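Open your viewer and get ready to make a few selections. We will go from the sheet to the loops, one stop at a time.

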Amino acid sequence: MTIGDIQLASGAQARIRSLGVVAYPDEGCGVLIGRFDGQRAVVIDASSGTNTNTVRSRDRYLLDPADIVRADRDARGRGLDIVGFWHSHPDHPARPSPFDTDHAWVDY
């Protein structure tokens with residue numbers, strides 16, 4: 001499936017922003033929870049995750065797999081799905097870095 005658009009609920013946007021602030025100066029990360037509507041991902045909520053990259057946590061992240069499992073269980077319990085992942089770019093431009101592109105999961 002190719003995702004064409006992302007619709008981000010205001011509550012999800014606020015949650016991502018607050019989780020990014022808490023993680024600062026390190027990269028924050030987590031899971032986007034919602035549903036798929038055709039080629040659109042509708043993000044209803046976002047979870048927090050643990051950045052397990054301890055060497056370069058200010059400009060790299062590695063989301064703890066246990067956080068993905070926990071978010072998946074939460075989403076399914078609410079009749080929703082994992083529709084993607086989020087991470088912050090503290091003190092860096094809000095665009096994918098070469099590292100992000102090289103490590104991205106194509107389906108998300």
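A residue is called buried here when its relative accessible area is under 20%, exposed when it is over 50%, and partly exposed in between. Keep in mind as you click along that this is a predicted model.

**Stop one: Arg 60**

Select Arg 60, in the loop between β3 and α2. Is Arg 60 buried or exposed? Its relative accessible area is 19%, and therefore Arg 60 counts as buried. Now show its surroundings: leaving aside residues up to four places away in sequence, Arg 60 touches Glu 27, Asn 51, Asn 53 and Phe 99.

**Stop two: the sheet**

Next, switch to a cartoon and colour the strands. You will find an open sheet of four strands with mixed pairing, in the order β1-β3-β2-β4. Its edges are β1 (5-8) and β4 (81-87), each of which pairs on one side only. On average, neighbouring strands of this sheet are turned by 40 degrees against each other, direction ignored.

Zoom in on β2 (residues 29-37) and β4, which pair in the antiparallel sense over six bridges. Which residue of β4 stands opposite Ile 33? Select Ile 82 to see that partner.

Add the helices now. Helix α1 (residues 10-23) lies across β1, β2, β3 (40-46) and β4, and it runs at about 55 degrees to β3. Helix α2 (residues 65-77) also packs on the sheet, where it touches β2 and β4; the direction of α2 makes about 35 degrees with that of β2.

**Stop three: two backbone details**

Most residues other than glycine have a negative phi, and most peptide bonds are trans. With that in mind, go to the loop between α1 and β2, where Pro 25 is placed. The peptide bond leading from Tyr 24 to Pro 25 is cis, with omega near 15 degrees.

Then move to Asp 91, in the loop between β4 and α3. Asp 91 is not a glycine, yet its phi is positive, near 60 degrees. Asp 91 has a relative accessible area of 62%, so it counts as exposed.

**Stop four: salt bridges**

Side chains of opposite charge can pair when their charged atoms come close. How many salt bridges does the structure hold? There are eight, and a few deserve a visit.

Start with Asp 26 and Arg 58, whose side chains meet at 3.8 Å, N to O. This pair links distant parts of the chain, 32 residues apart: Asp 26 sits in the loop between α1 and β2, and Arg 58 in the loop between β3 and α2. Asp 26 is partly exposed at 28%, while Arg 58 is exposed at 52%.

Stay close in sequence and select Arg 56 with Asp 59, which form a salt bridge at 2.4 Å, N to O. Arg 56 is partly exposed at 38%, and Asp 59 is partly exposed at 24%.

In helix α2, pick Asp 67 and Arg 70, with their closest N and O atoms 2.5 Å apart. The two are three residues apart in the helix, so about one helical turn separates them. Asp 67 is buried at 6% relative accessibility, whereas Arg 70 is exposed at 52%.

Finally, select Arg 15, Asp 45, Asp 74 and Arg 78 together: these are linked in a network of salt bridges.

**Last stop: Ala 104**

End the tour at Ala 104, in the segment after α3 (98-103). Its relative accessibility is 48%, so Ala 104 counts as partly exposed. Draw a distance from its C-alpha atom to that of Phe 85, which is 19 residues away along the chain: the separation is 9.6 Å.

Definitions and conventions: Residues are numbered from 1 along each chain as its sequence is written. This is a predicted model: local features need pLDDT of at least 70, side-chain atom pairs count only at pLDDT 80 or more; totals for chains, interfaces and linings use all residues. Side-chain values use heavy atoms; hydrogens and water are left out. Buried means under 20% relative accessible area, exposed over 50%, partly exposed in between (1.4 Å probe, protein chains only). Two strands pair if DSSP finds at least two bridges between them. Axes are lines fitted to C-alpha atoms, for helices over the stretch in contact, and angles run from 0 to 180 degrees between N-to-C directions. Contact means heavy atoms within 4.5 Å. A salt bridge is a side-chain nitrogen of Lys or Arg within 4 Å of a carboxyl oxygen of Asp or Glu.
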